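Reader: Hi! I am new to reading protein structures. Could we go through this one together, step by step?

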Amino acid sequence: MKDARWYSQLYQDQFKETWKQLERDQPQDVWLKFTDFVRIELALYAIETKFPGISAKDFGYLLQGIPVNSLQQKKKLISRLRGYLRHIRSQAVWQDYLHKYLNAPAFYRVRGYDLNQQDRPIHRGISCAPDRFNAYGNFLQNPAPLKIRTEYRPAPAGDYIIIDSNNKPRSVRINEQLAECGLRSLPNIDLTLRQRISARAIAIPFDDLISIAEELDQKIPLNWVHRVKDALNGLHKVTKSGLRKVNELRLNGKEHLLGPCAAGKSTIFAVAAIWLERHDYTCAIVYRDVRSLLNQADLFHRVGCSPGVVIGRLNREEHYTRLLIDGVDFNHYAYTQFHQACPLSVFLSSPLQINEEPPCIKQLQKSDEPERVYDCPLLPVCPRHQGTRDLGKAAIILTTPPGMIYAGPTAVIQPEQTVWLETIHKTCDAVFVDEGDGVQAQMDCSFAPAQVFETNRSKADTFCRQLFQSLANGSHEGRIGTPNPDRSDVTFAFSLYSRLFKNGTDLMNLLLEADRKQYKSLSGWVEGGQFFAGWQIFGYLADILSGQESGDSQRDELFKAFITFRSRPTQPDTYLLHDAQKSIVQGLVDILAATEDVQFTQHLGQQNHGSNYIGCLVEIDPKDNYDKKQDPKSYLQQI
């Protein structure tokens, strides 16, 4: 997060007295806070000096983050401006602020710019704060500073008071032994030192990846050598003249690894991440679901790597319970990330309740000096914070799209306040995105949520009703916005069903391939052109899952089970269903779990892996003149 007080020194040196006088003499005419005033002037200075030919009134479009081909050379400058002007993200907001800046009566004495007939900013030549423009120039030369948080301050020995969630005090005595725990060093992420090693391409020889696979087979025998060799043998690079065989995995800019289900894409990610750590690189892997993330973290941990897992705190109990239900071995790395015990609770005057948060950060008040607040001294050894300590020293960061976007490193391991997306961008030499289409759907849900056009729900906030309300109130700038309860439902359903559709399609392809090679029954039916329809398939599936023969008249009743499953595939509500319907729903849930089981899919892929599986590495380089209109499918057909 950028520091919102980046302008504080400018205010103290040049504006403080004048601005206070304006607020005292003409409070009704000060239409903007100084924060917004200085942001507008910084943008006008940038338009005047860096963007010739651009109208000031249209500058808000650049702040939306939409790329403009003619301004590609100034992409970094626009990014810096968006960091300073982070509250201005639309043309409507920009025009509103600009109008207030130009027309507020109180600003006539301090305003540094006017607009000419072409809506270009021009200096007004006022005597107030004459050095402001030099400060604006210095701001544009550097990105907006990050917000710095208070560093970890372990409580020394003494008596302390903790105010719990019910606003009741608890006392605790920190003895010398507990205080010594807080003096232990904590791994941390220093953004000023821990930068990417090089912006150049990283070339990973295939022989090195095969050697890592041989080592993995000795520690975790899962046929790694065969899988890695098969994946690398089918790896080709798209060039202007067609597909070309390669002997190294080259990471240069944006790379796309294309291939069918179980072709070995995730396997390549795993061995490549191990290679990167052993060569002093730092990388991140983005997974679309937590279960795959935890399994991969356990793999890295067992081979001696340093993984770090980014998981939100709100649903940790759910993930922990799922591990227990699935019978995951207690030596699994995932269990170290879900400890709920608080060692300090033992020393409190009354123990914490199950639903109470422990006093970890900034909650220990000195009994004799309540204004002095400290952190828990047991944090360097507390099992509850094992995941935080792992992330501080991690060479392989594993995350999901929500964790990367919404969560951030705690102040204990990084004083700068950022989200993990920013930290990964600054520190990682390579970022792998597994199941990129599913991750893209989740990112779209976060950054571009769906808008409901119209619905029959009487209280729904839809696009049409927003438009009518805007017209009725005379607001044509699109500034009216209210919460939309339909958006979350639509985006969640789209993300969920897109994942189910992909899993089902991949599974059907694998099963069809196995049937074509071994049984010839299903493929013979499909290739024979015999009549079949969807209701027949659902009917046969209902009979199999319910364990009973049902006629056409009874199948309508059984089909209610499919509707129940479709409404909530992960947690279906079967309270009103009879036994046969419940059996169908449970069977569907089991099938869904099978499609999510990585080991099952990999095993099925290994059994059916043949010459029809082709890996294709597509390199997209801005400097490359590759014809984007040419279809890579023709290259695949050559192989």
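Reader: Which residue forms a salt bridge with lysine 100?

Author: Happy to help! First, this is a predicted model, where local features need pLDDT of at least 70, side-chain atom pairs count only at pLDDT 80 or more, and totals for chains, interfaces and linings use all residues. Residues are numbered from 1 along each chain as its sequence is written, and side-chain values use heavy atoms, with hydrogens and water left out. A salt bridge here is a side-chain nitrogen of Lys or Arg within 4 Å of a carboxyl oxygen of Asp or Glu. With closest N and O atoms 3.7 Å apart, the partner of lysine 100 is aspartate 96.

Reader: Is aspartate 96 buried or exposed?

Author: Lysine 100 and aspartate 96 lie four residues apart in helix H4 (residues 91–103), about one turn of the helix; helices (H or I, at least four residues) and strands (E, at least two) are DSSP runs, numbered from the N terminus. Buried means under 20% relative accessible area, exposed over 50%, and partly exposed in between, with a 1.4 Å probe and protein chains only. Lysine 100 has 26%, so it is partly exposed. Aspartate 96 has 16% relative accessibility, so it counts as buried.

Reader: How many residues apart are glutamate 215 and arginine 278?

Author: Their side chains meet in a salt bridge, with 2.7 Å from N to O. This pair links distant parts of the chain, since glutamate 215 is in helix H7 (residues 206–219) and arginine 278 is in helix H9 (residues 265–278), and the separation is 63 residues.

Reader: How many salt bridges does the structure hold?

Author: Side chains of opposite charge can pair when their charged atoms come close. Another pair is glutamate 369 with arginine 372, at 3.1 Å from N to O. Arg111, Asp114 and Arg124 are linked in a network of salt bridges. The count for the structure is eleven.

Reader: Which residue in the loop between strand E1 and strand E2 is partly exposed at 22% relative accessibility?

Author: Most residues other than glycine have a negative phi. The residue in this loop, between E1 (113–115) and E2 (121–123), has a positive phi of about 60° although it is not a glycine. At 22% relative accessibility it counts as partly exposed, and its name is aspartate 119.

Reader: Where is glutamate 435 found?

Author: Glutamate 435 also has a positive phi, of about 50°, although it is not a glycine. Its relative accessible area is 28%, so glutamate 435 is partly exposed. Its place is the loop between strand E17 (430–433) and helix H15 (436–447).

Reader: What separates the C-alpha atoms of asparagine 355 and serine 165?

Author: Asparagine 355 is in the loop between H11 and E13. At 70% relative accessibility, asparagine 355 counts as exposed. Serine 165 is 190 residues away along the chain, yet the C-alpha atoms of the two are separated by 9.4 Å.

Reader: Which residue in the loop between helix H11 and strand E13 counts as exposed at 60% relative accessibility?

Author: The loop runs between H11 (316–325) and E13 (364–366). At 60% relative accessibility, the residue there that counts as exposed is phenylalanine 330.
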